[in-house]
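User: Could you walk me through a few details of this structure? I'd like to see the reasoning behind each answer.

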Amino acid sequence: MTQQGLRVAVLFGGPSVEHDVSIISAQQLMAVMSSKHEPIPVYLARDGRWWTGDALREIGAFGKDAPAGAEPCELRLGRDGAPFAAPGGSRFKGDRDLQVDAAICAIHGTGGEDGSVLGALELSGIPYAGGGVAAAAVAMDKRLGKLVFQEAGVEVCPHTVIHREDWSGDREDALRRAGEQGLPCYVKPVSLGSSIGVARVTSAEELEEALELAFELDLTALVEPALDDCVEVNVAILGSRRTGLRASEVEQPVRDTEAALSFEDKYLRGGGKGGEAKGGGGAKEGGGSEGMASADRIIPAPVSDAAREALIDAAKKAHTGLGFFGVVRYDFFLRDPDGGAPEVILNEANTVPGSFAFYLFDPAGLPFPELADSLLDIAFAEAAERRATTRTFESVLIAEHQRR
């Protein structure tokens, strides 16, 4: 059970195309934590500068320039228990360490979700949720993630990998290999989320344009067949190998067209605040919050009991195989024939899901404040495991060299 009054660093922003999504997720998390804990906003601007201060808890602080009312801070590697500090600015005013008890990463995409900033937290010994470093990095790379999930016994979407070097070196051969997935197909940057850079392709001309765009955004692209006979469904998993796993409700996202869910579908539709999920449950989606909770979706998804069980089982296998600790939303394709066995195909894992997927856990009996506390419980449990693991040992190597 999480103790009250914890100082929790909430890391958000980042040098990513998902920067603004991260701001919204962090605002939501800090709002629900405030009644029991003291959230400390730590904002990474697009230009790489770090900021802190209570002003960052207001969405109006953010614009194109420095956030209004915030104070600069610095990330200092290896500072035990205090990786962030606000510089004093003069010889008469010393630096102020941002003392925190734990941290939660809300940085979507590059700089956070890929494990980058998690390494700094590891070096500082700060308990955190949303890792570890290797698991985050692997999940961020859709190609590597597929390898891990397959090893865990989860079916993944077929794909062709095209690297930027392939594209610049022999475009004709790259297009030939990409075309092996047939039409229609999807082209995706390998390490971006929120559907940014994803394109549905129905012709050879569109395939070339889609790959051109993908390589403007990333070093590697995936080409996958369009599984138009499937339904897109998602489920989130909370926990770790050590703390146990809890599944959310299953959702079916709603999109305007046959194309993949776009950034607009996910974040800019659905009536904004206080909308209700469609479907039999009529579950409230967010208590006035926005972000991913504002998108159109059916909760619970209209799937069979067998399909629901298969989805949750596959998601738990993926989570365990990845070795992640925290909350992950797993996005699937589902074939659920009447009277037949469901086929579950994992599309991708989102290790910093928009709005922390609270809108999926709430109808499953876990309100957002309790989800936030669960993340802190996971952070402390994983930190205890790391402390119990021998990382260094005394060696006679230096002494032997000194005697020679």
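User: Is S355 buried or exposed?

Analyst: Happy to help, and please keep in mind that this is a predicted model. S355 lies in the loop between strand 18 (343–350) and helix 10 (358–361), and has a positive phi of about 60° although it is not a glycine. Buried means under 20% relative accessible area. S355 comes out at 1% relative accessibility, so it counts as buried.

User: What is the relative accessible area of F356?

Analyst: F356 is also found in the loop between strand 18 and helix 10. Its phi is positive too, near 55°, in a residue other than glycine. F356 is among the residues with the most contacts inside the largest nonpolar core. F356 is buried, and its relative accessible area is 4%.

User: Which helix gives the most to the largest nonpolar core?

Analyst: That core has 84 residues, and those with the most contacts inside it include L11, F12, V42 and Y330. The top contribution to this core is seven residues, and it comes from helix 11 (residues 368–387).

User: Which residues does F149 touch, leaving out those up to four places away in sequence?

Analyst: F149 belongs to the group with the most contacts inside the largest nonpolar core. Setting aside residues up to four places away in sequence, its partners are V154, V156, A318, L322, Y330, L346 and A349.

User: How are helix 1 and helix 11 oriented to each other?

Analyst: Two packed helices are described by the angle between their axes and the distance between the axes. For helix 1 (residues 19–33) and helix 11, the axes are 9 Å apart and the angle is about 95°. Angles of 65 to 115 degrees count as roughly perpendicular. Helix 1 and helix 11 are therefore roughly perpendicular.

User: How many charged residues are in the contact of helix 1 with helix 11?

Analyst: On the helix 1 side we find Q28, L29, V32 and M33, which meet F368, P369, A372 and L376 in helix 11. These contact residues divide into seven nonpolar and one polar, and the number of charged ones is none.

User: Which residue does a cis peptide bond join to I299?

Analyst: The partner lies in the loop between strand 16 (297–298) and helix 9 (305–322). Omega of this cis bond is about -5°, and the residue joined to I299 is P300.

User: And what is omega for the cis peptide bond between G131 and G132?

Analyst: G132 sits in the loop between strand 8 (128–129) and helix 3 (133–140). For the cis bond that joins G131 and G132, omega is about 0°.

Definitions and conventions
Residues are numbered from 1 along each chain as its sequence is written. This is a predicted model: local features need pLDDT of at least 70, side-chain atom pairs count only at pLDDT 80 or more; totals for chains, interfaces and linings use all residues. Side-chain values use heavy atoms; hydrogens and water are left out. A nonpolar core is a set of buried Ala, Val, Leu, Ile, Met, Phe, Trp, Tyr and Cys residues joined through side-chain atoms within 4.5 Å. Buried means under 20% relative accessible area, exposed over 50%, partly exposed in between (1.4 Å probe, protein chains only). Helices (H or I, at least four residues) and strands (E, at least two) are DSSP runs, numbered from the N terminus. Contact means heavy atoms within 4.5 Å. Axes are lines fitted to C-alpha atoms, for helices over the stretch in contact, and angles run from 0 to 180 degrees between N-to-C directions. Angles under 35 degrees count as roughly parallel, over 145 as roughly antiparallel, 65 to 115 as roughly perpendicular and the rest as oblique. Ala, Val, Leu, Ile, Met, Phe, Trp, Tyr, Cys and Pro count as nonpolar, Asp, Glu, Lys and Arg as charged, and the others, Gly among them, as polar.
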